[in-house]
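Q: Please take a close look at charge pairing in this structure, and set what you find against the protein as a whole. I would like a careful, connected account rather than a list.

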Amino acid sequence: MAATGSPLGALRSGVIRTLVVSRTALGVTIGAVQVTAAGFAAGQGRAGFAGVLLGGFAVGSLIGSGALRLRPTVLAAVTCAALAPLLLPVGLWWLAVLFAVAGAPLAPLNAIAYEMTERAAPAGTATEARMWTSTATMAGTALGTAVAGAVVEHGSARTAVLVAVVGAVAALAVDALGRIGDAGNPAGGGT
């Protein structure tokens, strides 16, 4: 039980509940992108190239961490838009560039989620709140990996990109409906 005696602990905060759902959806995107990279590379007969694609995703995230200073809902919308070019029929080297574009909003979204978790956690529940949002991200990643893996196996890597897009759209919807990062209240819509 949390310090206040509430059995809900950190989850009594509406912002934390919203972040848990949003982070689960973003995790689906992360997991799907990882599997999609492997699917694209294997589909071109160059399975080892998946590392280059994921490296591009990581470099994009690194660049985005210094360049993108946007509200969470805007970043979630940017994530949706940044994933769409992965649907283009291009070669692996161009895909590496597109993976970098797709990765750009990831680090800023993570940083904002951690900051909002800290601010929104009820007194005495900060660690628990971080564990809820981290666990949600990992659960979403597992789900995204499983679903995208099945799509790659029975369809194509390009089709599996849609799993990542669905996760990003779901995160955007949850953030928008939960008013995450609302200009009048940076932590979102109250506890």
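A: In this predicted model, the protein carries 10 positive and 6 negative side chains, and the centres of these two sets lie 4 Å apart. Side chains of opposite charge can pair when their charged atoms come close. A search through the whole structure turns up 2 salt bridges, and each can be described in turn.

One of them joins Glu 115 to Arg 119, with 3.0 Å between the closest N and O atoms. Because a salt bridge requires a side-chain nitrogen of Lys or Arg within 4 Å of a carboxyl oxygen of Asp or Glu, the separation of 3.0 Å between Glu 115 and Arg 119 qualifies. Both residues belong to helix α5, which spans residues 106–120, and they sit 4 residues apart, about one turn of the helix. As for their surroundings, Glu 115 has a relative accessibility of 45% and so counts as partly exposed, while Arg 119, with a relative accessible area of 42%, is also partly exposed.

The other salt bridge is formed by Glu 118 and Arg 130, whose closest N and O atoms are 2.3 Å apart. This pair links distant parts of the chain, since Glu 118 is in helix α5 whereas Arg 130 is in helix α6 (residues 126–154), with 12 residues separating them. Glu 118 is partly exposed, its relative accessible area being 40%, and Arg 130, at 29% relative accessibility, is likewise counted as partly exposed.

For a contrast with these partly exposed side chains, consider Phe 99, which is placed in helix α4 (residues 92–103). Phe 99 has a relative accessibility of 0% and therefore counts as buried, the limit for that class being under 20% relative accessible area. Leaving aside residues up to four places away in sequence, Phe 99 touches Val 33, Thr 36, Ala 37, Phe 40, Leu 53, Gly 56, Phe 57 and Leu 86. The C-alpha atom of Phe 99 is also separated by 7.4 Å from that of Gly 60, although the two residues are 39 apart along the chain.

Another buried position is Ala 157, with 7% relative accessibility, and this residue is found in helix α7 (residues 157–177). With the same neighbours in sequence left out, Ala 157 touches Thr 36, Gly 39, Phe 40 and Val 152; Thr 36 and Phe 40 are thus among the residues that both Phe 99 and Ala 157 touch. The C-alpha atoms of Ala 157 and Pro 7, by comparison, are separated by 43 Å, with their positions 150 residues apart along the chain.

Turning to the whole protein, there are 7 helices and 0 strands. Buried residues make up 48% of the 191 residues, and of the contacts with a separation of 6 or more, 79% are between residues 24 or more positions apart. The accessible surface comes to about 8600 Å², and 70% of that surface belongs to carbon and sulfur atoms. The C-alpha atoms fill a box of roughly 55 × 30 × 25 Å along the principal axes, and the radius of gyration of 17 Å agrees with the value near 16 Å that a compact globule of 191 residues would have.

Definitions and conventions. Residues are numbered from 1 along each chain as its sequence is written. This is a predicted model: local features need pLDDT of at least 70, side-chain atom pairs count only at pLDDT 80 or more; totals for chains, interfaces and linings use all residues. Side-chain values use heavy atoms; hydrogens and water are left out. Helices (H or I, at least four residues) and strands (E, at least two) are DSSP runs, numbered from the N terminus. Buried means under 20% relative accessible area, exposed over 50%, partly exposed in between (1.4 Å probe, protein chains only). Contact means heavy atoms within 4.5 Å. The radius of gyration is taken over C-alpha atoms; the globule rule is 2.2 Å times the number of residues to the power 0.38. Accessible areas come from the Shrake-Rupley method with a 1.4 Å probe; for residues, only the protein chains shown count as cover. Lys and Arg count as positive and Asp and Glu as negative; His and the chain ends are not counted. The place of a charge is taken as NZ of Lys, CZ of Arg, CG of Asp or CD of Glu.
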